[in-house]
Amino acid sequence: MAGVLETEEQARNRFQSELEFVQCLANPNYLNFLAQRGYLREKPFVNYLKYLLYWKEPEYAKFLKYPHCLHMLELLQYEHFRKELVNAQCAKFIDEQQILHWQHYSRKRTRLQQALAEQQQQQQQQAPAHGNPASK
Amino acid sequence: MAAGERSTKEKLLSALSDMEVLSRELIEMLALSRTQKLPQPGEDTQVLELLVQRDKEFQELMQTAVEQGRIHQEMQQLEKEAEKRDSDIQLLQKQLKEAEHILATAVYQAKEKLKSIEKARKGSISSEEIIKYAHRISASNAVCAPLNWVPGDPRRPYPTDLEMRSGMLGHMSNLPTNGVNGHLPGDALAAGRLPDVLTPQYPWQSDVSMGMLPPHHGNDFGLEPPGHNKENEDDVEAMSTDSSSSSSDSD
């Protein structure tokens, strides 16, 4: 019955450590590290990952700075994913895709800005063309 | 209408045939009496009487027949009425069934609607909170890359090695200073773009409202024999090779 009674101080510390740990799961390199050392194969660890799913609730999720960790946490519930993470290429692939996805919004914004700039350019080109027939 | 009794029609017909027979006899007797005397003196009166009797019977039977006809007509009318009522009832039944179907559909849809309302209400968050949170995760570049990001920039959508080690978990045990996850601290320094490593309080580790407590878990996570608290070990062991459970930390 270990861990049943804990002081508020201990509970607060546990909150902070679990907050940090769950966000570390957003790091695919760290996941690879855990997989290679066999932690992802241990049943207690798997149970702990399932317990960590409470971070999905809104009252807890609002403390997360790196929300990618929630998706990783969900994926980690699957044994197949945990097995695959042993490969370094798998982790690298996830890392690359994650970074590309991370850049999605900034890419979209630059594209929009480019489109807007082109549109303005076109309008400016058309304006002098309209001016000519009037002068005739 | 007992099965043993004869129908009115039969009775009428038999009375008629009787009368026919009697009248024939009478006529024969009358024809005979022209030429010769009657063998029996009172026979003609007898026959006459019988005839009269049969005629009376016949009249009565006719009355009965008329009465029966009237009753039969009434019966038919009543049957027609009953049929009309029957069809009315069937129509009503059909309409009721339709109404029931429509109501059942309406009730079902209303229930679904209520369910979705309840679901929405359960998940309702003030827009201000959402905006605050959105600002928090995007301003720190946690979900959207900074616009000037190029490959080589150490910033990432996850806590980097450095950040992990500067946190509470990292401080729980002594960690070797070599880079473990491909992100050497030297790189960050060399690139000249340090995240706020040196600030003691990381935004990703704690929050202002420290009143938040994690959910209670009364039991071990492992299926190991009791007394073996693996959970703390996993927590800390993940970060270092030393296994020191947090409860034995002395600050």
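**Close-up legends for a predicted two-chain model**

**View 1. A:Glu74 and its salt-bridge partner**
At 32% relative accessibility, A:Glu74 is partly exposed. Burial classes use relative accessible area: buried is under 20%, exposed is over 50%, and partly exposed is in between (1.4 Å probe, protein chains only). A:Lys56 is likewise partly exposed, at 40%. The two residues form a salt bridge, with the closest N and O atoms 2.9 Å apart. A:Lys56 sits in the loop between α3 and α4 of chain A and A:Glu74 in helix α5, so the pair ties together parts 18 residues apart in sequence. A salt bridge here is a side-chain nitrogen of Lys or Arg within 4 Å of a carboxyl oxygen of Asp or Glu. Helices (H or I, at least four residues) and strands (E, at least two) are DSSP runs, numbered from the N terminus.

*Conventions.* Residues are numbered from 1 along each chain as its sequence is written, while chains are lettered from A and ligands numbered from 1 in the order in which they are written. The model is predicted: local features need pLDDT of at least 70 and side-chain atom pairs pLDDT 80 or more, totals for chains, interfaces and linings use all residues, and side-chain values use heavy atoms, without hydrogens or water.

**View 2. The largest nonpolar core**
This core has 41 residues. Those with the most contacts inside it are A:Leu25, A:Leu52, A:Trp55 and A:Leu85. Which helices each supply at least two of its residues? From chain A they are α1 (8–24), α2 (28–36), α3 (43–51), α4 (58–61), α5 (68–76) and α7 (88–102); from chain B, α5 (168–172). Another core lies apart, with 10 residues, including B:Met19, B:Leu22, B:Leu26 and B:Met29. A nonpolar core is a set of buried Ala, Val, Leu, Ile, Met, Phe, Trp, Tyr and Cys residues joined through side-chain atoms within 4.5 Å. In soluble globular proteins, nonpolar side chains tend to be buried together.

**View 3. The surroundings of A:Leu52**
Neighbours within four places in sequence are set aside. That leaves A:Leu52 in contact with A:Glu18, A:Phe21, A:Val22, A:Leu25 and A:Leu73. Contact means heavy atoms within 4.5 Å.

**View 4. A salt bridge within helix α1 of chain A**
A:Glu18 pairs with A:Arg14 in a salt bridge, the closest N and O atoms being 3.3 Å apart. The residues are 4 apart in helix α1 of chain A, which means a separation of about one helical turn. Are these two residues buried or exposed? Both A:Glu18 and A:Arg14 are buried. A:Arg14 is also in contact with A:Glu6, as is A:Ala11, neighbours within four places again being left aside. A:Glu6 is found in the segment before α1 of chain A and is partly exposed, at 28%. A:Glu8, A:Glu9 and A:Arg12 are linked in a network of salt bridges. Over all chains, the structure holds 16 salt bridges.

**View 5. Helix α2 of chain B**
Residues 43–122 of chain B form this helix, 80 residues in total. Its expected span is 1.5 Å times one less than the number of residues. That gives 118 Å, and the end C-alpha atoms are 114 Å apart, which agrees. The buried residues of the helix are B:Glu43, B:Val47, B:Leu51, B:Arg54, B:Phe58 and B:Leu61. They pack against α1 (8–35) of chain B.

**View 6. B:Asn141 and the B:Arg155 salt bridge**
B:Asn141 has a positive phi of about 60°, although it is not a glycine. The residue lies in the loop between α3 (127–139) and α4 (161–166) of chain B and is buried, at 19% relative accessibility. B:Arg155 forms a salt bridge with B:Asp153, the closest N and O atoms being 2.8 Å apart. B:Arg155 is partly exposed, at 28%, whereas B:Asp153 is buried, at 1%.

**View 7. Confidence along chain B**
pLDDT is the predictor's confidence in each residue, from 0 to 100. The mean for chain B is 75, and 68% of its residues reach 70 or more. Which element has the lowest mean pLDDT? Among the elements of chain B, helix α6 (residues 185–191) is lowest, at 40, and α2 highest, at 93. pLDDT stays under 50 over residues 178–202 of chain B, where the model has 37 contacts beyond four places in sequence. Residues 223–251 of chain B are also below 50, with 49 contacts beyond near neighbours in sequence. For the complex, the predictor gives an ipTM of 0.75 and a pTM of 0.54.
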